[in-house]
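Biologist: Before I rely on the vocabulary used for this model, I would like to go through it with you and hear the reason behind each label.

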Amino acid sequence: MEIRTRFAPSPTGFLHVGGARTALYNYLFARRHNGKFILRIEDTDVERSTKESENQLIDALTWMGLEWDEGPQVGGDYGPYRQSERNDIYLSKAKELIEKGSAYEAYIYPEELEQIKEKLLSEGKPPHYDYETISGYDTPERRKEYTGKGNKPVIFFKMPRKDYSINDLIKGPVTFKEGAIGDFILIRSNGQPTYNYAVVIDDMQMKITHVIRGDDHLSNTLRQIAVYEAFEANVPEFAHVSMILGPDGKKLSKRHGATSAEEFRSRGYLPETLLNYLALLGWSNPDGKEIMSVNEMIESFGLDRVNSSPAIFDETKLKWMNGNYIRNANMERIFNLSVPFITEEKLLTQEQCQTSKKWLYEAIELVRTSVEELKDIPKELSVFIKDYEIEYDSEFMEYFTAQGVKETIKEAYTLIQNDDSWESETILENLKNAMKNAKPQKKSFYLALRKALTNQFHGPDLVKTIHLIGRARVIERLEKVVNL
RNA sequence: GCCCCCAUCGUCUAGCGGCCCAGGACAUUGGCCUUUCACGUCAAAGACACCGGUUCAAAUCCGGUUGGGGGCGCCA
């Protein structure tokens, strides 16, 4: 049988990292078994769903390379893949359930439901609806009055009184005792299906074999299997992945900082970083490998190695991993990805980036070793670009007045002035030659020189830095020190 | 209140009864490399929540306690 998984987000915001991980696991599982990965948009909540966030979701998924075989944009044999376009299906299937005696219409108002619940709660009883109570409102007069106002009846599911259990692929056996929940709504008064109903209809019709989703849906599973059974349909396998928590151990939310794939993207995270990190947040490769390509993940992915305990989202490791990927990625790609950050910071214009591409390329290649997010590239680059007022502070003077340093800098100044080639190799030669006579302590000389040129004591390779700052500015700055 | 889930270094995890006085990765600390910083590299420190069982033997199995998370919507 073909393995079919789905990722079913509701378009009510950005793509949360938890959702991204769920999508990843679904994708990996499907690919691992040569199955299909389906994207379905769960937009039954007309109030909160927006086309804009649907597009955002699709963008983020595309950015991560999580290609779906069926869904919006690509179509498929089991569409439509947007719940808002499947209303008649939900309605007709609900009618089926009514005929089977598993569901019933109710002519009740939301406020009345609320009252029932409050009353039960105040009596110390669980706030569950049941047919006996709800049908009490179903009188001929009531129907007339209710529909007279243009209302459509709400359709309730009649929850069977029995135990249910599943064998979750991650959690293991889970049993829900009889009476855990009461009757629940299938179709709202606005004609829209509720989540717990629509999911089942869709998963059934889309022939989903494995439902891999967040832990927060575990309790919902009870309702859902009841609906499957009412249709006498096969229940899919379930795999509930644990939540992602913030550093304080609470469910990861916006107050913890960046939580969406988009935010990480805009900070200069590479998609492979996010994918790799998220894969490891709850799953481990059998041979302990940590840095993995998506293909390597596909080859070794299995639900049996997905951890059942919640995980804290640790940006520290994410950052390290991104730095690692930035250093090892193709340089041309890093160049192209860096340009937007550079122009955004107004460090250089788009034109400048292209006309001095060779120079910029070299500069980025040099600073990429110390960067963890691409958004830090401009800051690192500024030392080669901006003009500095050099402060000849006491620390500088210490190095500058050290034995032989001043003379060597003078000598270097002369040699550099006569250097027309301006290649890193010749710059290095010049510096070495400059040291020959006065023989300064290497460290003092380089430190003084660096400070005189960049106003900093730390930075990337000095020779390359000199090369990148450019001959004119180097001479200009050297001139000042020499005349000190 | 009721139901469900979870519990190994600070963090992510390996471990599925003896190979574990618990292994790896990030972070931390120290060394090396180096003109500095970074990278890289080597090393150190650092955990089985607690209490009872079962067993010749438990991080691993069972029960309880505690702690954490999720759910109990005409949200998904």
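Biologist: Why is asparagine 455 counted as partly exposed?

Modeller: Asparagine 455 has 19 C-beta neighbours inside 10 Å; a residue is buried if 20 or more other C-beta atoms lie within 10 Å of its own, exposed if 12 or fewer, and partly exposed in between, with C-beta atoms placed from the backbone. The count of 19 therefore puts asparagine 455 in the partly exposed class. Asparagine 455 is found in the loop between H20 and H21, and has a positive phi of about 65 degrees although it is not a glycine.

Biologist: What kind of model is this, and how are its parts numbered?

Modeller: This is a predicted model, in which local features need pLDDT of at least 70 and side-chain atom pairs count only at pLDDT 80 or more, while totals for chains, interfaces and linings use all residues. Residues are numbered from 1 along each chain as its sequence is written, and chains are lettered from A and ligands numbered from 1 in the order in which they are written.

Biologist: What makes asparagine 34 exposed?

Modeller: Asparagine 34 has 8 other C-beta atoms within 10 Å, and the limit for exposed is 12 or fewer, so asparagine 34 is called exposed. Asparagine 34 lies in the loop between H1 and strand S2 (36-39), and although it is not a glycine, its phi is positive, at about 50 degrees.

Biologist: How do you know that helix H10 is mostly covered?

Modeller: Helices (H or I, at least four residues) and strands (E, at least two) are DSSP runs, numbered from the N terminus, and in helix H10, residues 271-280, seven of the 10 residues are buried. Among them are Leu274, Leu275, Tyr277 and Leu278. The cover over these buried residues includes helix H1 (17-32), helix H2 (51-64) and helix H9 (261-266), where a contact requires that two C-beta atoms, placed from the backbone, lie within 7 Å. Just after H10, glycine 282 takes a positive phi of about 120 degrees.

Biologist: What makes S5 and S6 a pair of strands?

Modeller: Two strands pair if DSSP finds at least two bridges between them; five bridges join strand S5, residues 164-168, to S6, and the two run antiparallel, so the requirement is met. They form a hairpin with three residues between them, and the bridge partner of asparagine 167 is proline 173 in S6. S6 is hardly covered, as the count of buried residues among its five residues is zero.

Biologist: Which residues come nearest to RNA strand B, and what does near require?

Modeller: A residue is near a molecule or strand if its C-beta atom, placed from the backbone, lies within 6 Å of it. Of the 68 residues around RNA strand B, Glu42, Tyr195, Lys251, Ser309 and Ser370 come nearest. Elements that each supply at least two residues of this surface include helix H4 (110-122), strand S6 (172-176) and helix H20 (442-454).

Biologist: Where do the domain bounds of chain A come from?

Modeller: They come from an automatic or database domain assignment, which gives domain 1 (4-72 + 244-312), domain 2 (86-241), domain 3 (330-385) and domain 4 (394-482) in chain A. The C-alpha centres of domain 2 and domain 4 lie 77 Å apart.
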